[in-house]
Amino acid sequence: MNRIVFVTGASSGFGKAIAEKFAAIGDHLIITARRGDALQSLKKDLETRFGIKVLSLEFDVRDKEVVFKTIENLPDEWKEIDILINNAGLALGRDSFDSASLDDWETMIDTNVKGLLYVSKAIMPFFVRRNKGHIINMGSVAAKEVYDKGNVYCATKNAVESISHSMRIELLPHHIKVTAIHPGAAVTEFSMIRFKGDQEKADAVYTGFKPLSAEDVADTVLYCCNLPEHVCINDLVITPTAQADAIYIHRE
Ligand code: NDP
Ligand code: 8X3
């Protein structure tokens, strides 16, 4: 479709699948994450398979100065961004308030909330100048219900929901769409990162039911971005059929 789509957290999981879906319909991509090697191989793969242009930017969304400098210094033709997908994020640990690590809390807040704000604030002027744009913020079912020992992760995703609502209100006069997408259990690197490499704990999250795949979530993002100009999905929850909400999962 020849749009420019900026995806954070494109080195794995949802972000990588999202980049692939947009590339397959002819959109150009700015892919970002900390793992430059993963970005480089995705860039090569997408350019070869789909004949589109890919700009790969290696940065940490928590690094305020780098985020603003990198985005301000984009070549002019890459500043014509049509869609921003704020997807980079993580959970670290599943611990009660008394045993949780302060570092884990800070990393989640800095990445999921502050990082999303930095990238959005840096890109918004491009949207406002062109009087159009679409921001997709990756929330979670954890934004909708708090679950046991989800404390700070749930709070960060709740913040993503509030921020999305505020963006939607303030960006109305500029015809900018804001969509918050809230997935339930999906197999990506998410649980291995949350449980710090403990494969058994990560696998247990998905036992006894069929979880979402990254492609399922990417298809939903693509759907939201391909609607007519006057239509905006504001808030969307997507779960496996076996999952009712953040707490209830039916396991066979
Ligand atoms: P993955 O771990 O597979 O992907 C996370 C992505 O975020 C990676 O590309 C990672 O790249 C990037 N990232 C993490 N920290 C930073 C950082 N500081 N700076 C830049 N990039 C960063 O997980 P998912 O694909 O599952 O997660 C994507 C989003 O979806 C997250 O916001 C997550 O909270 C949310 N989510 C996930 C669900 C699930 O069940 N999987 C359900 C609901 C929401 P790199 O390490 O290279 O920097
Ligand atoms: C990821 C889904 O249920 O682990 O956001 O919080 S959950």
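These are my notes on ligand 2 and on one salt bridge in this structure.

**Entry 1, the model.** I am working with a predicted model, so I treat each distance below as a computed value.

**Entry 2, who surrounds the ligand.** I looked up the neighbours of ligand 2 and got Ser 140, Val 141, Ala 142, Tyr 147, Tyr 153, Phe 190 and Arg 194. By class, I sorted that shell into five nonpolar residues, one polar and one charged. Arg is the charged type and Ser falls under polar, so I put Arg 194 and Ser 140 in those two slots.

**Entry 3, polar contacts.** Next I checked which side chains offer an N or O atom to the ligand's oxygens. Tyr 147 does, with 2.6 Å between its side-chain atom and an oxygen of ligand 2. Tyr 153 also comes out at 2.6 Å from a ligand oxygen. For Arg 194 I read 3.5 Å from a side-chain N or O atom to an oxygen of ligand 2.

**Entry 4, cover and pocket.** On its own, ligand 2 has 240 Å² of accessible area, and I find 82% of that covered by the protein. I then asked which pocket the ligand takes up, and its space turned out to be the largest pocket.

**Entry 5, salt bridges.** My count came to 15 salt bridges. I picked out Glu 189 with Arg 35, whose closest N and O atoms are 3.2 Å apart. What does this pair link? It joins distant parts of the chain, 154 residues apart. I placed Glu 189 in the loop between strand 7 (186–187) and helix 6 (190–194). Arg 35 sits in the loop between strand 2 (28–33) and helix 2 (36–50).

Note on methods: Residues numbered from 1 in each chain as written. Chains lettered and ligands numbered in written order. Predicted model: local features only at pLDDT ≥ 70, side-chain atom pairs only at ≥ 80, totals over all residues. Heavy atoms only, no water. Near = heavy atom within 4 Å. Polar contact = N/O pair within 3.5 Å; in protein donor to acceptor, adjacent residues only side chain to side chain. Areas by Shrake-Rupley, 256 points an atom, 1.4 Å probe, with all protein chains shown as cover. 1 Å grid on protein atoms, 1.4 Å probe; cavity = no way out; pocket = protein on both sides within 12 Å on 5 of 7 lines; lining within 4 Å. Sits in = over half its atoms within 2 Å of the grid points. Salt bridge = Lys/Arg side-chain N within 4 Å of Asp/Glu carboxyl O. Helix = DSSP H or I, 4+ residues; strand = E, 2+ residues; numbered from the N terminus.
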